[in-house]
Amino acid sequence: MGRPESLLQQLKHVVRKKEAEIEDLCKTHYEEFILAVDELRGVLVDAEELKGELSSDNFKLQEVGSTLLVKLEELLESYSIKKNLAAAIKMSKNCVQVLELCVKFNKHMSEGQFYPALKTLDMIEKSYLKNVPVRTLRMVTEKRIPLIKLHIEKKVTSQFNEWLVQIRSSAKDIGQTAIGHAASARQRDEEMLDRQRKAEEQNLPGLGDFSYTLDVEEIEEESVLKVDLTPLYRAYHIQSCLGIQEQFWEYYYRNRLLQLNSDLQISSTQPFVESYQTFLAQIAGYFIVEDRVLRTAGGLLLAEQVETMWDTAVAKLKSLLEVQFSQMNSATHLLLVKDYVTLLGCTLRQYGYEVGPLLETLNKSRDKYHELLSEECRQQIANVIANDTYEQMVLKKESDYENNVLSFNLQTTDITPAFPFIAPFSSTVPDACRIVRSFIKGSVDYLSYGTHSTIYDVVKKYVDRFLIDVLNELILNTIQGGSIGVSQAMQIAANISVLERACDFFLRHAAQLCGIPTRSVERPQAGLTAKVVLKTARDEAYHALLNLVNAKLDEFMQLTQNINWTSEEPTQGENEYINEVVIYLDTLLSTAQQILPLDALYKVGSGALDHISNSIVTAFLSDSIKRFNANAVMGINNDLKILESFADDRFHSTGLSDIYKDGSFRGFLIEARQLINLLSSSQPENFMNPVIREKNYNTLDYKKVASICEKFKDSADGIFGSLSNRNTKQSARKKSMDMLKKRLKDFN
């Protein structure tokens, strides 16, 4: 503990030293000290007086201050109370604000206004909750906030799920409305193009004002998309406020993709031809909604996601349509589905979707469609041909003329005929033209609005094929069926001639429907191959007609067997059969003149007369005729003169002489005429003279002449009687004939 004794000694030494100094000081200033003490005593007296005064004043002050102290204590207490009240009021205000916000929050929640509720909750959490002095209230509020947010999330998700159901049920109506607008726009465009084409063809003035203008009506999207997307926007916004928007992105995309896959499933209980409109409208509505969401939902959906969904839908639709098209057996059904698919494509193309791959599927089915269409039209034409009476149509009024002639450009003159008008064709022609026209319309309808901008060449190909494989084939089947008569064959030939002219109409009609100038198809090289094929069919009809005519003529020519080939009396008139032949020829050519073109009339007349000529020659060659004499030749000569007169008369009366100036019907009787002339000649042996034979008998065959001359016999009273008749002229003829027989025999 140190050394305190030494410290004390030092202190005592200092004290003594100081006392000595004080004593020295006092001795030095003693007088001043005395004076100071005296003055101090004076001051003491004054101090005592002052003390008394102060005591008196203090007493008085104490009396006054006591009251003031009481007031001061009261004032200080009031200040304390005021401070406490201010703090309490501030605390109460905080609590009231929090409670008011809670009430406001509850109101928003009860009204389903989740976004304002979340904003209120966020305000409570960030701005007010930390200032709540009541710990219990603060803890309760802090505990409830996460639960409330979870509740809002579930509630919004529930509303969004309801919207998913609602939007799927509304998609069909959205799609149907949008497709309906596309169909209306298409119809307006077609009407405008039709007016434009007609104006172009008629060369109307003022065409430039509208020649390349389409009446396009702008359609507000809202008029199509009549669906409330507010629940989606609200759900997305609230999910963003909750900080889980990425989770919502995935949730939305996954659920919409599931809905798409479900929408792409067709009904197994309903035929596709009954459900395709609903099915395709549902798809259209789906992607219209997705386009709207992509553009307006602020990043909820990505363009790549929409493209993925569209690619999925296109792949499924292509597969489905290919299967359904392959199973269809009606061209009408296939066309209806195709039209709706093109409208679907037109609708979605407006929203930026690539529809080309979908429309390519339609091209793959066009052969199937045209096969079905051809088969349906084949049946119709077959029924038309089967029900045709093959009688010329009688058009009683102008409307009939317009519907059956002018509608297909079948008129041969621009002058309207007098009514009733007898047309050169039967009912098959206009009926077949209507069917072909409907085929063209069906073909154009199917090929329109596809991936090809120009479809005329494709339509032409199918029309050509139809005319050749269906119309021409059915006509040929009728011709070759063996169940038609002369009048039917003649009418069929006439019908084919008219149908050949109709081919030009078919081309112009196809061009008009395809939207190309008709003048571009009027070039010779632009014609249909079917026109040439129909000419072949017409020749086949002429051949069948001539065969039937010849068969009928053969019936009449069989009557030549009733001729007395060895009559002893000269024949004064014609044989009976020739009257039947002339009457038949007159009827035949009169009918042919009414319905066949002049070149066909010429073929029929020349063919019939040529066959008669051959029949006459054949009659002389017939095994049933063992011999004949000059009287029989004279009778045949009379028959031939009647035929020649008839032939000349008809050749001129029908107007054929104006066309075939170097020909005549008489020329087709030349073989029979030369034979009769030879048998009647006074010098038949001249036949062997090359010059004379070339000039007068060039159509006769050596062998035929030899056979016929062998049958030519003299009779006792015949024109070439025996020498007993003493007729030197007849004797000379007989010698000449005998010489001819001998020379022919030697020649053969």
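How do the residues of the lining of the largest cavity divide into nonpolar, polar and charged? I will come to that after some ground rules. This is a predicted model, where local features need pLDDT of at least 70, side-chain atom pairs count only at pLDDT 80 or more, and totals for chains, interfaces and linings use all residues. Residues are numbered from 1 along each chain as its sequence is written, and side-chain values use heavy atoms, with hydrogens and water left out.

Cavities, then. A cavity is a set of points on a 1 Å grid, over the protein atoms alone, where a 1.4 Å probe fits but cannot get out; lining residues have an atom within 4 Å of a point. The search of the whole structure finds 3 cavities of 30 Å³ or more. A volume is the space filled by probe spheres set on the points, which are joined across faces, edges and corners. For the largest cavity, that is about 80 Å³.

Its lining includes Ile 385, Tyr 390, Thr 428 and Asn 495. Helix H16 (486-514) gives the largest share, 4 residues. Helices here are DSSP runs of H or I, at least four residues, numbered from the N terminus. Now the split: 6 nonpolar, 3 polar and no charged. Ala, Val, Leu, Ile, Met, Phe, Trp, Tyr, Cys and Pro count as nonpolar, Asp, Glu, Lys and Arg as charged, and the others as polar.

Last, Arg 650, in helix H20 (residues 630-653). Arg 650 has a relative accessible area of 9%, so it is buried (under 20%, with a 1.4 Å probe and protein chains only).

Key
On a 1 Å grid over the protein atoms alone, a cavity is a set of points where a 1.4 Å probe fits but cannot get out, and a pocket is an open set with protein on both sides within 12 Å along at least five of seven lines; lining residues have an atom within 4 Å of a point. Helices (H or I, at least four residues) and strands (E, at least two) are DSSP runs, numbered from the N terminus. Buried means under 20% relative accessible area, exposed over 50%, partly exposed in between (1.4 Å probe, protein chains only).
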